[in-house]
Amino acid sequence: MNPALEDLFSFLRFASVSTDSNRAMDVRACADWLCAKLRAMKLDVELHETPRHPVVVARNAHVAGRRTVMIYGHYDVQPVDPLDLWHSDPFQPEIRDGRIWARGATDNKGQMLAHVLGVEEILRTQGELPVNLIFLFEGEEEIGSPNLAAFLTENRDALRCDVIAISDTGMVAPGVPTLGYGLRGITCCEAILRGPKGDLHSGLFGGAVANPAAAIARLVASLHHADGRIAIDGFYDDVRTLENWEREMWSRVPGVADSDFLKVTGSPGLFGEPAYTSAERVWARPTAEVNGIGGGYQGEGSKTVLPAAAFVKLSFRLVPDQDPANIMHKVKQHLESHCPPGVNIEITHGHDGKPYITDPHSRFGKAAQAALRAAFNAEPVLIREGGSIPIVQTFRDILGVDTLLLGLALPDAQIHAPNENFPVENFEAGIRLNQALLKELGKD
Ligand code: BES
Ligand code: MN
């Protein structure tokens with residue numbers, strides 16, 4: 001196997017699942033491996049402790065007058081469950097059909113390491129980089145980067161830079177270079193409805209006592225109108241109107257037709273806000289999503305019970321210029337005012353992330369397009385992303401710097417799901433992309 005793949009396989013073997021406290025040692029070992037890799041490249045490397053998982057920062061020798069580029073990535077991964085649906089061990093990477101199969105292969109270890117190895121190759125062949133480089137790698141992205149904003153504030157001077165680049169987003173189709181210029185934001189919460197003090201016999205009490213599971217179904221149903229629009233008062237107040245040039249441009253992007261959405265998802269049908277295409281719904285419109293719902297008997301057969309409680313986990317994807325705190329306030333008001341009678345509601349606010357949008361035709365945007373063109377030998381498409389990387393807007397708020405999103409994640413990469421994969425081809429393209437990017441960004 002070539003050394004680049006060897007390195008990626010070593011990186012992928014760490015079960016760096018940030019959300020799982022039993023895996024804290026694996027996350028740490030992964031950070032240590034990364035530090036050793038970066039030190040072997042003769043970069044200045046620092047491992048910074050946080051209350052949870054460490055931040056890794058690495059730099060070349062900075063030269064006055066040169067542009068400073070930060071490359072951000074995350075070495076933590078999502079949990080692997082359900083494990084039995086994997087065709088191979090998520091932490092024993094394998095190559096099949098030209099793809100690397102492992103948790104984190106795409107999100108984000110493969111994409112992130114491509115930047116590291118691109119830099120390694122420039123240093124090996126040219127001795128020096130065309131820019132002042134700061135690598136910033138965190139181990140908490142998949143849990144909402146709870147400690148990174150404080151780290152940025154504390155290290156603002158040391159992290160001063162002109163532009164940030166990230167490969168942790170999508171590529172619309174194989175071989176189609178994709179520049180992201182927007183991300184959705186997010187706000188999450190959990191609601192618990194509590195009824196009787198304990199589970200009840202549904203024959204003795206059913207009909208006379210409110211059922212929390214039925215109540216939660218009503219409550220969840222109240223979030224949307226029948227046509228898919230969100231029914232929360234004021235939810236769309238700050239939504240920036242999708243521009244005609246974007247709609248026109250997106251209509252020519254390959255890989256995102258309704259038929260592609262059907263194929264990639266395996267869903268029997270598409271559904272969403274009227275008058276928007278699937279790509280527009282995902283890239284430029286907000287959502288209210290049920291991530292989990294439960295309560296009552298879940299076992300085999302039937303059980304005549306009236307459950308004491310039921311819960312729902314909700315998340316809302318946000319677009320410019322919606323504000324997560326403002327939306328969560330409206331969500332809480334909605335849930336409280338629509339809560340059916342006879343139950344108490346308890347709402348817990350989870351994590352937040354602001355939406356992001358930038359100009360893909362800015363000076364740096366053009367440099368990113370040129371790098372994508374060079375690495376893929378094809379014309380880049382410009383999209384917004386449906387996913388969230390909350391730290392991107394925080395970079396702008398704290399460091400005052402914009403971010404280029406150079407995505408290498410294919411629609412069928414199965415990120416966050418069983419059988420995550422990354423084409424070897426994309427890994428190699430990512431290494432070329434890094435080199436082209438630093439070259440472009442180093443130009444006057
Ligand atoms: N890399 C993804 C986000 C992503 C993937 C953006 C593909 C665009 C295209 C990232 O690791 C992620 O999953 N983020 C979470 C953020 C959340 C935990 C705050 C998300 O979007 O759910
Ligand atoms: Mn990611």
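Biologist: What makes His74, Asp107 and Asp168 donor residues of the manganese ion (ligand 2)?

Modeller: In this predicted model, His74 (NE2), Asp107 (OD) and Asp168 (OD) coordinate the ion at 1.8 to 2.7 Å. A donor is an N, O or S atom within 2.8 Å of the metal (3.2 Å for Na, K and Ca), so these atoms count; water is not among the atoms, so sites may look incomplete.

Biologist: Why is the site of the manganese ion (ligand 2) called irregular?

Modeller: Its 6 donor atoms make angles of 50 to 153°. Six count as octahedral if opposite donors are over 155 degrees apart and all others between 65 and 115; anything else is irregular. That's why this site is irregular.

Biologist: How do you know that aspartate 107 and aspartate 168 are buried?

Modeller: Buried means under 20% relative accessible area, exposed over 50%, partly exposed in between (1.4 Å probe, protein chains only). Aspartate 107 has 6% and aspartate 168 has 12%, so both count as buried.

Biologist: And why is cysteine 30 in no disulfide?

Modeller: A disulfide is a pair of cysteine sulfur atoms within 2.5 Å. For cysteine 30, the nearest cysteine sulfur, on cysteine 35, is 10.0 Å away, so the pair fails the rule. Cysteine 189 is in no disulfide either, with the sulfur of cysteine 188 nearest at 7.9 Å. The count is 0 disulfides.

Biologist: How should I read the numbering and values?

Modeller: Residues are numbered from 1 along each chain as its sequence is written, with chains lettered from A and ligands numbered from 1 in the order written. Local features need pLDDT of at least 70 and side-chain atom pairs 80 or more, while totals for chains, interfaces and linings use all residues; side-chain values use heavy atoms, leaving out hydrogens and water.

Technical notes: Tetrahedral: all angles 85-135°; square planar, octahedral: opposite > 155°, others 65-115°.
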